[in-house]
Amino acid sequence: MDFSLSEEHQMIQQAARDFAQNELLPEVIERDDAQRFPTEQIKKLGELGFMGMMVGTEYNGSGMDTLSYVIAMEELSKIDASASVVVSVNNSLVCYGLETYGTEAQKQKYLTRLASGEIIGAFCLSEPEAGSDATSQKTTAIDKGDHYILNGTKNWITNGSSAEVYLVIAQTDREKGHRGINALIVEKGMPGFEIGPKENKLGIRGSDTHSLNFNDVEVPKENRIGEDGFGFKFAMKTLAGGRIGIAAQALGIAAGAYELALKYSKERKAFGTEISNHQAIAFKLADMHTQIEAARHMVYKAAWDKDNGHNYDLSGAMAKLYASQVAMETTVEAVQIHGGNGFVKDYHVERLMRDAKITQIYEGTSEIQKIVISRSVLKD
Ligand code: CAA
């Protein structure tokens with residue numbers, strides 16, 4: 001077993017780290033304050049190959065492995081989790097879903113532009129009454145021969161207004177339950193497709209989260225992903241990989257907060273010495289470091305499972321459950337170590353603490369991860 005990163009993985013790590021320092025750090029506080037989308041930064045990430053990292057080069061992707069992707073996600077998330085969620089949704093939900101299950105025509109038409117970062121995509125599963133209970137889809141896609149008529153509302157959609165391509169999950173045949181659900185590719189601007197107001201969020205405020213309304217939207221049948229009725233499985237299979245990306249995001253948020261707290265503890269003095277010399281602080285750092293290292297091993301293991309053709313439902317769910325818990329605990333402690341300064345925006349840790357919370361909610365709450373994990377261990 002080799003725990004060291006290859007030269008190539010180290011280069012990707014350095015490139016993502018440099019990008020985060022040079023391009024994301026400036027104005028990250030202002031973007032968070034103003035809820036401003038990192039448009040220029042995402043464009044540059046596309047040019048550098050970070051928007052379609054795992055997509056084959058024949059579709060304008062970077063042809064890299066999942067480990068490269070999680071390494072990049074960690075580095076970007078240390079600085080700006082709003083930008084990294086855009087990267088994550090585009091890479092592991094939209095691009096992966098299209099490359100794995102799309103037709104050649106869909107890949108040529110959509111994936112080539114999504115993988116290069118020319119446009120970005122959104123993944124639309126959640127609804128006002130179907131969040132965790134994802135099979136309870138109210139959005140309908142009625143089969144009209146050569147097209148579907150799409151009606152309904154989707155909620156909390158990441159990249160809601162900035163995306164050009166939307167993968168929408170909808171019920172075609174209610175009698176068939178989850179086997180009557182389809183996944184459709186919807187383009188911005190299709191008549192009847194309206195983008196609702198932007199959500200005013202606790203964290204990841206630089207990303208744009210919207211509700212979406214579909215009123216008799218005509219979607220050509222060639223835009224269906226997979227066989228008739230494959231939509232729910234498509235969502236589950238795609239989310240299994242997405243969860244590895246969010247686990248890496250959580251890891252990055254935790255590691256970013258830890259690095260700031262470590263540095264601060266060696267500079268700030270109290271009772272005549274740097275606060276790192278007080279055991280109360282040193283032990284917090286010890287716990288943070290240990291938990292982050294454990295989370296990193298779990299995230300890498302899930303990525304390794306995916307890269308080696310193993311089932312990653314379990315390892316991805318465990319990585320997300322654990323890393324998001326570590327992100328929450330670590331960021332709270334990082335604020336505590338910073339004392340009064342931790343409560344002030346300029347020191348970054350309060351933003352990381354706010355950003356951490358969503359990693360326990362989106363792409364399956366912690367409670368959903370426990371359903372996935374417990375079902376998996378109990379069936380053996
Ligand atoms: N791979 C393949 N198929 C799967 C699967 C997987 N990982 N998980 C479930 N399925 C299949 C099942 O086999 C079953 O099909 P069959 O009956 O044909 O065997 C079907 O899906 C239904 O599964 P369940 O009976 O287990 O369904 P359930 O109602 O008990 O729910 C659940 C399962 C795991 C709780 C699921 O509803 C779930 O994951 N919920 C959370 C949804 C979620 O993660 N939402 C995130 C929104 S997207 C987002 O956040 C993106 C963003 O913008 C950042």
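Which residues of α10 are buried? The buried residues of this helix are V349, E350, R351, L352, R354, D355 and A356. The views below show a predicted model, in which local features need pLDDT of at least 70 and side-chain atom pairs count only at pLDDT 80 or more, while totals for chains, interfaces and linings use all residues. Residues are numbered from 1 along each chain as its sequence is written, and side-chain values use heavy atoms, with hydrogens and water left out.

**View 1. Helix α10 is mostly covered.** The helix runs over residues 349-358, and seven of its 10 residues are buried. Helices (H or I, at least four residues) and strands (E, at least two) are DSSP runs, numbered from the N terminus. Buried means under 20% relative accessible area, exposed means over 50%, and partly exposed lies in between (1.4 Å probe, protein chains only). The buried residues of α10 pack against five other helices: α2 (28-34), α4 (66-79), α5, α7 and α9 (313-338).

**View 2. The ligand sits in the largest pocket.** A pocket, found on a 1 Å grid over the protein atoms alone, is an open set of points with protein on both sides within 12 Å along at least five of seven lines; a cavity is a set of points where a 1.4 Å probe fits but cannot get out, and lining residues have an atom within 4 Å of a point. A molecule sits in a cavity or pocket if more than half of its atoms lie within 2 Å of its grid points. There are 24 residues around the ligand, and S132, T158, R179, R243 and R375 come nearest; a residue is near a molecule if one of its heavy atoms lies within 4 Å of it. Helices α5 (81-101), α7 and α11 (366-379) each supply at least two residues of the shell. The largest share, six residues, comes from α7.

**View 3. Side chains of T158, R179 and R243 approach the ligand.** For T158, a side-chain N or O atom is 2.7 Å from an oxygen atom of the ligand. For R179, the distance from a side-chain N or O atom to a ligand oxygen is 2.8 Å. For R243, the distance between such a pair is also given as 2.8 Å. On its own, the ligand has 1,100 Å² of accessible area, and the protein covers 76% of this. Accessible areas come from the Shrake-Rupley method with a 1.4 Å probe; for residues, only the protein chains shown count as cover.

**View 4. Q249 in helix α7 is joined to Y362.** The helix covers residues 231-267. Q249 counts as buried because its relative accessibility is 0%. A polar contact of 2.5 Å links the side chains of Q249 and Y362. A polar contact is a pair of N or O atoms within 3.5 Å; within protein, one must be able to donate a hydrogen and the other to accept it, and residues adjacent in sequence count only if both atoms are side-chain atoms. Not counting residues up to four places away in sequence, Q249 touches M73, S77, A81, S84, V85, T359 and Y362. Contact means heavy atoms within 4.5 Å.

**View 5. S88 in helix α5 makes a polar contact with Y69.** The side chains of the two residues are joined at 3.0 Å. With a relative accessibility of 0%, S88 is counted as buried. Apart from neighbours within four places in sequence, S88 is in contact with Y69, M73, L93, G242, G245 and I246.

**View 6. G316 lies in helix α9.** G316 is buried, as its relative accessible area is 0%. Neighbours within four places in sequence aside, G316 is in contact with R243, I244 and A302. R243 is also one of the residues that come nearest to the ligand.

**View 7. T112 lies in helix α6.** This helix spans residues 104-115. The relative accessible area of T112 is 12%, so T112 is buried. Leaving out neighbours within four places in sequence, T112 has contacts with Y59, N60 and K107.

**View 8. D216 and F271 have positive phi values.** Neither D216 nor F271 is a glycine. The phi of D216 is near 55°, and D216 is in strand β7 (residues 209-220). At 53% relative accessibility, D216 is exposed. The phi of F271 is about 55°, and F271 is in the loop between β8 (269-270) and β9 (273-274). F271 is exposed as well, because its relative accessible area is 81%.
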